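Reader: I'd like to go through this one label by label. Could you tell me what each label rests on?

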Amino acid sequence: MTDESPLLIEDVGAVRTLTFNRPHRKNAITMAMWAALRDTLHDATYNKNIRALVLTGAGDAFCSGADISDAADVAEFPDPSRDMRAINEAVLRLHDLQVPTIAKVRGVAAGAGWNLALGCDLVVATPEARFCQIFSRRALSLDCGGSWLLPKLVGLQQAKRLAFLAEMISAAEAHSLGLVTWVQPDDDIDTFVSDLAARLAAGPPTALAQTKALLNDGTDHTMRDALADEARAQTINLSGRDVLEAFAAFSEKRAPVFTGTWGTGG
């Protein structure tokens, strides 16, 4: 996509970076951006060359949520039920993406923007980043997975506090609540995320996909359910060549080279 596109796509090695590209609106999301995000994530789902994904924003903001800055933007939502289905398709594709995902957050992440960041597996923010579940200020309830994500990450009471009061919180507080994985200085965050994404992309893709699914599903399951899911996942892992490679690399005292290739594993 060109620099004029509202969603930029950059592939470096096995890492895809998606950048919200409306810095003049703090990357507020339009329906066209939701469609672009949905389609790009669909492509990433079936692109075997992509083994990690980074979501970020251009300029000095991650994403300020839905663009409702003037009447023309509000009129873009003539059918709320249909539009929410389209939005949810993009959110689910991010959640279901098998490769590890990282949100790189500078500036504000509010409303849908914050919940997209929380929908990533890991969140890296600068100390200046700010976060807000802004919905109640707009007479709206949580969306983009916030009602599912927040209680699992911070517990029910803190989730209600963040949702009811719509307070803007700092990166430091978000980190203390477990909503940010790492806080990195602005000068360092690009290198930190690039190195992190490269490490994830070098990992065993099948095993990481199985682990991600197990962790996402585990909070809603009993121990019996979790053990059954783990057994199914491990069977898949043991049917791949990465297990043989891991064992061989350990024996030969070298770094493994994982490919995600299907075949008899051992």
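Author: Happy to. Keep in mind that this is a predicted model. Let's start with I50, which sits in the loop between α1 (31-46) and β3 (52-57).

Reader: Why is I50 called buried or exposed, whichever it is?

Author: I50 has a relative accessible area of 5%. Buried means under 20%, so I50 is buried.

Reader: And what does I50 touch, leaving aside its neighbours within four places in sequence?

Author: I50 is in contact with A14, R16, A44 and V99. Contact here means heavy atoms within 4.5 Å. There's also a pair to look at in space: I50 and P205 are 155 residues apart in sequence, yet 9.8 Å apart from C-alpha to C-alpha.

Reader: P205 brings me to helix α9 (residues 205-218), where Q210 has its place. What makes Q210 count as buried or exposed?

Author: The relative accessibility of Q210 is 18%. The cut-off for buried is under 20%, so Q210 counts as buried. Not counting residues up to four places away in sequence, Q210 touches A233, I236 and N237.

Reader: On to the backbone. What is notable about the phi of A139?

Author: A139 has a phi near 60°, which is positive in a residue other than glycine. Most residues other than glycine have a negative phi. You'll find A139 in the loop between β7 (130-132) and α5 (146-154).

Reader: How do you know whether A139 is buried or exposed?

Author: Its relative accessibility is 74%. Exposed means over 50%, so A139 counts as exposed.

Reader: What about K253: where is it found?

Author: K253 is in the segment after α11 (241-252). K253 isn't a glycine either, and has a positive phi of about 55°. With a relative accessible area of 77%, set against the over 50% needed for exposed, K253 is exposed.

Reader: Now the sheet. What is the order of its strands?

Author: The 3 strands form an open sheet in the order β5-β7-β8, and the pairing is mixed.

Reader: What makes β5 and β8 edge strands?

Author: β5 (108-110) and β8 (169-170) each pair on one side only.

Reader: And how do you know that β5 and β7 are paired?

Author: Pairing takes at least two bridges between two strands. There are 3 bridges joining β5 to β7, so they count as paired, and they run parallel. As for a bridge partner, A109 has F131 in β7.

Notes
Residues numbered from 1 in each chain as written. Predicted model: local features only at pLDDT ≥ 70, side-chain atom pairs only at ≥ 80, totals over all residues. Heavy atoms only, no water. Helix = DSSP H or I, 4+ residues; strand = E, 2+ residues; numbered from the N terminus. Buried < 20%, exposed > 50% of the residue type's maximum accessible area, 1.4 Å probe, protein only.
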